[in-house]
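Student: Could we go through this structure together? I would like to begin with one of its sheets and then move around from there.

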Amino acid sequence: MTTRRSQGLGGGGTSGGSTDAATRTLCVSVVGLSGTEREKGATGVGKSCLCNRFVRPLADDYHTDHISVLSQTDFGGRVVNNDHFLYWGEVTKTSEEGTEFNFHVVEQTEFIDDSSFQPFKSGKTDPYIKRSTATRLTSAEKLMYICKNQLGIEKEYEQKLFPDGRMNVDGFVCVFDVSQVPGRMIEKQVEFTAALLNALLRTRKPVILATAKGDEAVDAYIREAERLVARKELKGQVPLVETSAHENINVDNAFLLVAQMADKAARGGRGSVGRIAPFTEAVRARRESLDQATEAFQALVRTQVTDHRVVWSAVSKRLSQSPEFEKYCGLFGRSAARTAFDRHVRRLREEHVGRRVRGYLRALPAALADLLPNLEAIGESEWTTVKDEILKNHPDFDQYFLEVPGSTTWQEAVDSPDQDSGEDGRIPFPLLELPEAENCFLEHRATLEAEQRRRELRDQFMQILEQTGYVTPGKTLGEVRVFFMGRECYEQLSEADLLEVYEEHQREITERARAQFQELLLEHAELFYEFANVGPGSVITQEDIAKITEALQADSRYKTLDRLDQDRMLMLLRHLGFVHGPIREHCPANPNCMDNLIEKVIAQKAHRPSSWTRNNQWLLESENNQLNLVVLGTGGLADEVASAVRANCNDDTFELDKIQYSLDFRIIDGDVGLPQNSFRTTDFTPHGCFCVYSDHQSLEYVRDSLEKTLLSNLEQDDRLPFHGLPIVILFAADASINEKDLVFLREEGQNRAKSLQCPFVDVTTAGGGGGPGQRLDASRLLQAMASLVESIQRRAGLLQIYHSLPEQAACPDLKVLMCMLCGDPYAAEHVLAPLLAHQCCLATGPHSLTLETYLGAEGSKRSVQVRVTSYHEATAYRDHLIHGFILVYSAKRRASLATLSAFSKNISSVPIQIVAVTESGSASAFFSSDLSQQLIRDGNALADVLQAHFMTTSSAAPQKTAIYTPFFKEVWERKPQIEKAFYMEDSDYSPEGRTPVPPPVPNRQESYNLCSGRGFAEDGGDSEGLYEQLPTDGQRGGDGDESSSVGGPVPSLSPSDDSELYTSVFSQQENGTEHLVKPSQVKKRRSLQADLYRQSFPSTESLDRNKGVPPPPPPLPPGRGSDLAFPPPAQMVTFGGGGPTSSPPPSYFPPSRLPLLYATGRRNREESQLPARFGGLKKSSSLKGAGYAIPAAPPLVP
């Protein structure tokens, strides 16, 4: 039987798993009589010693003193971890039959508090018998137990975690003490053990009874144990094993017996259980083993220790490599080995020289391996040339060899008392004259030649795999082995080398095939866009998947993954989900998504206005060092924090980074909705806010106050959450809070801070709380002050950027969308170069550039805003006014043009510029590559169909800044028609005579959500595209009653439900006709602020709670349901699977027959009346308000 400590074997509560084909992993729980001294006697039954000897059998690792009486600190440490069991680690043992078992050992005990001498209370405290029979153990971050000295200084010992924090028990070892222990009656132990065994048998796990302390056994107690297992209820079910942990007798056999029983049970009763030797026979075998180890160690000392001048510290390092030394130290300890060494070292003088030579010769192969690592270093040289020229001239020669002076021989150098050449371990260079040294060199050369030959054969085999067409992704070596038989490389390589090379080749071709299949999916963009543009409530069925598969299956890139059908289907479904709900993180080209690259290019290359500096009103420097802080907290917490901050300041002066700030506080502990509790007053302008809580009640107050403040701010002119104040959340725990609530409150505060994007600081003292004035830690308060000042300065920079934005950026004359495909083989910087090089180009956002250029016949200077994005990100702008599109594709990639073509089908009546990017000049690219020729021709044909501009550009040559000017001019000329179509002012489609549909009542949370929509985010465009029908005098009743223009009252929105999405109606009349006014035209400044601060300020979504759920929308008036042109919107699950608010992306511009306008937006009268190319879609803002979650494949209907 052999033993070895496991390194990363088994793990994590995976009962019954195996580390390899021949190793069985299991967890064994050691149980037995435990408790206080009154229950177990003066000493324990020996569970800890039994576990110690089994897991760490070496003598130096065996500890006899294991206590169960602990302090509260040790009980709560990571080793005990507030549990009544210890994790002893893992070890691998091999049975006599050659079967390997990997054991995880757990000891079930009962720890006693050293202050009360009662068992610790930990969670749900069960009696020991019930707890010890548990087969599922959990304890997060629990460390392996080594010895009692480990407690409190765990970092100084080996740290090994309880696998995955959980484990299943596969068997039990019940310990029965057969020694005489004062204070313990044998009858009590028998009674307890009998009850425990009966409970263990009910777990249906293997159980054995192990008698402990056999070296001090009382015969009567052994007979009691035998009678115990012979009882009727236990007979034949619980084997008995006599053990002694001190003498290491039958310890391994006991655990191996459990493993064999578990293995037999797992095999359905098949297999055998090893025989357990009687205790006397095991003692005799143990003594023989000790005698053999002693003789072997003495022989090792006589062989290895040849110098009488060496010391133990030097010799022990060398001897530690020998198994005899390790075995002797494992059985007797290093101190016993030191004593044996001292006895033998005096008799070694005569053999000193010969033994030292053998030691040097043993070290020579390693030296040659380091100095001559390959055949190139040796060449065709013989040993004499290698020794005298190559080795001597090597820069690391002195590290391995020792030069001796003059004509000194190697014998003299070794034996001379004046020389210490033998002590430093380096090989005397004259020793290389020996024939043994030359033989060592010849063996080294043969090894290098064999390794070089092995590498050549591996390269040949890899080349054969690459050349053959039979090896495809997913095939095993066994399936294609027949094709390689008879090849020299195949026959001579070992099976391990063959498998390693084949698996490496499989990884390469599989990754290549997946990339090619992804490209195939992109090349069929129109097919996927067709399924993405399904109507509301539609789902992707199995028939749809079959249709997609039918379109792809003829391609070789599809067939290549036939053996990996599940991976192929998963890629297809993921692509479907990405097309419908694209997010940057799921882009196939991520992290090189085109949106990321565009952000980098604009950030690095674009100009910035010189006025983009920090706002002096917010900049906290020595010239403006007044710091006004709001402290929000109830129950005196706010006053306590303000007093503690003042106590750490000098005359209300706070110093940070050598800058002093004068502090002034405003304490708020009441309803923030009242005027007297407002954050800002006529004589107090706050710069930042501390929100402090200590318990559930104060946390609820902070949440309510922040929610009220946020909602009230949205109605103000600046619409800045919390008045634009930076916030820091402070947690000062109350002393009466228990540990569970303390953890909950801390996590809740951290979640609030994360939602609000503000710092969180736990200012509780290290003692875990205290009374008023004592629970605040001064250093953490200073840390909170520093965080608040940093947030104020960062917020100041953001505000100045907003206030200094050019007016042209907020209201550009033209808005153009430029799209590029992720993964295209050209640099985004090249496409943007003409824009970036423009002398009047400014970056007005991470993805937008604004140009000042001359357009139109009058030659006026106009601002053109170009929003640069990927094709998948362009869906965020489907409902926005866009005057033109610049669609870019690569002339080397079919998928690029296919995506452009599919994308263009949702564009109507808008100027389009198609740009084909080539490697070289357009003429060279056209004639040098068939693929480029075809793609350029197809792109030109597509431009003809779309009536779009077409041009080619070379990535190798810079373009002029005016390359896009002709396109901008056409866009400017067609601007009136484009805006007329967008604003639905088509005279052929009059809303008269149509029954309007009442708009859905908006969700309150949607109404106040600043992050709704991904509008023209940095350019101030309207993010909802909503319109309102203006009332006329003719539409109002004479008696002042408000009604619809068609007849019948329209349900009005409640004051709590109106929002930015439902603005006031402005009356305008011109020649008796009614006009439509876009709400964004009267709210551009608000829209710009919301878009600019949506990443810096939170929304009410972060403060949402169950009690804040808005009421359902009011019902329609009686009798109106059957008269509506459209039925009320029903709750349905749509394509994205995201609930009733999801809907497919509509076309970018409305069709020629425009739908009816009513109050808050535009709707289709009937979806079937839309032109076919728009796929029966209707405008919806639900996707924008909800934000994209992790894109998933559309739901499948079998």
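Student: Which order do the strands take in the open sheet of six strands?

Tutor: The order is E16-E17-E15-E18-E19-E20, and the pairing is mixed. Please keep in mind that this is a predicted model.

Student: Which strands stand at the edges?

Tutor: Strand E16 (653-656) and strand E20 (760-762) do. Each has a single partner strand, so one side of each is left without a neighbour in the sheet. From one strand to the next, the twist averages 30°.

Student: How many bridges join E15 to E17?

Tutor: Seven bridges join strand E15 (residues 626-632) to strand E17 (residues 659-668), and the two run parallel. Within this pair, leucine 627 stands opposite leucine 663 in E17.

Student: Across which strands does helix H26 lie?

Tutor: Helix H26 (residues 637-647) lies across E15, E17, strand E18 (688-693) and strand E19 (727-731). The helix runs at about 165° to E17. Helix H28 (residues 739-756) also packs on the sheet, where it touches E18, E19 and E20. The direction of H28 makes about 175° with that of E19.

Student: Changing topic: is strand E10 mostly covered or uncovered?

Tutor: Strand E10 (residues 207-212) is mostly covered, with six of its six residues buried. On one side these are Val207, Leu209 and Thr211, and on the other Ile208, Ala210 and Ala212, so to put it plainly, both faces are covered.

Student: Which strands are joined to E10 by bridges?

Tutor: Strand E9 (residues 171-177) is joined to E10 by six bridges, and this pair is parallel. E10 and E11 are joined by three bridges and also run parallel. Leucine 209 appears in both pairings: cysteine 174 has leucine 209 as its bridge partner in E10, and leucine 209 stands opposite leucine 240 in E11.

Student: What do the helices between these strands make with them?

Tutor: E9, helix H5 (residues 186-201) and E10 make a right-handed β-α-β unit. E10, H6 and E11 make a right-handed β-α-β unit as well.

Student: Where does proline 239 lie?

Tutor: Proline 239 is in the loop between helix H6 (219-229) and strand E11 (240-242). The residues that proline 239 touches, leaving aside those up to four places away in sequence, are Val207, Ile208, Leu209, Leu257 and Met261. Its C-alpha atom is separated by 6.1 Å from that of leucine 209, which is 30 residues apart from proline 239 along the chain.

Student: How exposed is proline 239?

Tutor: Proline 239 counts as partly exposed, because its relative accessibility is 25%.

Student: What is notable about phi of asparagine 250?

Tutor: Its phi is near 60°, a positive value in a residue other than glycine. Asparagine 250 is in the loop between E11 and helix H7 (251-266), and at 7% relative accessibility it counts as buried. Glutamine 947 likewise has a positive phi, of about 55°, although it is not a glycine. Glutamine 947 is in the loop between helix H34 (930-946) and strand E27 (949-954), and counts as exposed at 71% relative accessibility.

Student: Which residues does a cis peptide bond join?

Tutor: Asparagine 590 and proline 591 are joined by a cis peptide bond, with omega about 10°. Proline 591 is in the loop between helix H24 (565-580) and H25.

Student: Which residues of H25 are buried?

Tutor: They are Met594, Asp595, Asn596, Ile598, Val601 and Ile602. The elements that cover the buried residues include strand E21 (814-820), helix H31 (828-836) and strand E22 (841-845).

Student: How many disulfides does the structure hold?

Tutor: It holds zero disulfides. The sulfur of cysteine 51 is 9.4 Å from the closest cysteine sulfur, in cysteine 49, which is too far for a bond. Cysteine 822 is in no disulfide either, and the nearest cysteine sulfur, that of cysteine 587, is 3.5 Å away.

Student: Are those two, cysteine 51 and cysteine 822, buried or exposed?

Tutor: Cysteine 51 is buried, with a relative accessible area of 0%. Cysteine 822 counts as buried at 7% relative accessibility.

Technical notes. Residues numbered from 1 in each chain as written. Predicted model: local features only at pLDDT ≥ 70, side-chain atom pairs only at ≥ 80, totals over all residues. Heavy atoms only, no water. Helix = DSSP H or I, 4+ residues; strand = E, 2+ residues; numbered from the N terminus. Buried < 20%, exposed > 50% of the residue type's maximum accessible area, 1.4 Å probe, protein only. Contact = heavy atoms within 4.5 Å. Disulfide = S-S within 2.5 Å. Pairing = 2+ DSSP bridges. Right-handed = clockwise from strand over helix to strand, strands pointing away. Axes fitted to C-alpha atoms, helices over the stretch in contact; angles between N-to-C directions.
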